[in-house]
Amino acid sequence: MSEGATLQNYNAELVKCIEDLRQKREELNRSIAADEEEKAKIQNDLRILTERLSRINDNLARKIASRTEYDKTITETEGAYQKILESSQTLLHVLKRESTNLSKNRQASS
């Protein structure tokens with residue numbers, strides 16, 4: 001084989017290697033573009049989810065504060081109601097005792 005033919009073979013092989021490298025680079029570019037697109041979508045989804053989480057946390061904080069107020073009101077009302085029951089019971093005992101005393105006094109007068 002002559003030097004010219006050998007050089008031509010090397011040249012053809014070099015061109016083929018360069019083309020292979022360019023093809024692999026293009027495949028890599030497509031893969032990078034797909035990954036960047038997915039990344040952008042995920043970042044957008046994350047932003048949306050972060051906003052939703054923030055709104056839910058705000059709503060939750062308000063609802064928990066309201067529940068605490070309900071608990072406080074219920075506890076205070078139950079305490080007051082218990083005092084009313086105790087006062088009613090005491091009043092009933094006093095009334096029965098006075099009624100009994102009045103009955104005894106009336107019978108003693110008769």
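Let's start partway along this predicted model, at Arg47. With a relative accessibility of 42%, Arg47 counts as partly exposed. What does Arg47 pair with? Its partner is Glu51, and the salt bridge between them has its closest N and O atoms 3.1 Å apart. Glu51 is partly exposed too, at 39% relative accessible area. The spacing in the sequence is worth a look: because Glu51 and Arg47 sit four residues apart in helix H1, about one helical turn separates them. As a general point, side chains of opposite charge can pair when their charged atoms come close.

Step back a little along the chain and you meet another pair. Asp45 makes a salt bridge with Lys41, and here the closest N and O atoms are 2.9 Å apart. Asp45 and Lys41 are four residues apart in helix H1, so about one helical turn lies between them. Are these two buried or exposed? Lys41 has 53% relative accessibility, so it counts as exposed, while Asp45, at 30%, counts as partly exposed.

Go further back and there is Arg22, which forms a salt bridge with Glu19 across 3.7 Å, taken between the closest N and O atoms. This time the two residues are three apart in helix H1, again about one turn of the helix. Arg22 is exposed, with 52% relative accessible area, and Glu19 is partly exposed at 44%. The count for the model comes to four salt bridges, including the ones between Arg22 and Glu19, Asp45 and Lys41, and Glu51 and Arg47.

Not every charged side chain is paired up like this. Which residues gather in a patch of negative charge on the surface? They are Asp35, Glu36, Glu37 and Glu38. Patch members must have over 30% relative accessible area and no salt bridge; Asp35, for one, is partly exposed at 48%. Asp35 belongs to helix H1, which covers residues 3–109.

Now for what the record says about this stretch. An unreviewed UniProt entry carries the annotation "coiled-coil region" for residues 7–59. In the model, residues 7–59 are 100% helix and 0% strand, with the end C-alpha atoms 77 Å apart.

Finally, move on to Ile84, which is also found in helix H1. What kind of surface patch do Tyr81, Ile84 and Leu85 make? It is a nonpolar one, of about 310 Å². Ile84 itself is exposed, with a relative accessible area of 51%.

Definitions and conventions: Residues are numbered from 1 along each chain as its sequence is written. This is a predicted model: local features need pLDDT of at least 70, side-chain atom pairs count only at pLDDT 80 or more; totals for chains, interfaces and linings use all residues. Side-chain values use heavy atoms; hydrogens and water are left out. Patches are made of residues with over 30% relative accessible area and no salt bridge: like charges are joined within 9 Å, nonpolar side chains (Val, Leu, Ile, Met, Phe, Trp, Tyr) within 5 Å. Accessible areas come from the Shrake-Rupley method with a 1.4 Å probe; for residues, only the protein chains shown count as cover. A salt bridge is a side-chain nitrogen of Lys or Arg within 4 Å of a carboxyl oxygen of Asp or Glu. Lys and Arg count as positive and Asp and Glu as negative; His and the chain ends are not counted. The place of a charge is taken as NZ of Lys, CZ of Arg, CG of Asp or CD of Glu. Buried means under 20% relative accessible area, exposed over 50%, partly exposed in between (1.4 Å probe, protein chains only). UniProt positions are given in the numbering used here, feature names are shortened, and annotations may be inferred rather than shown by experiment.
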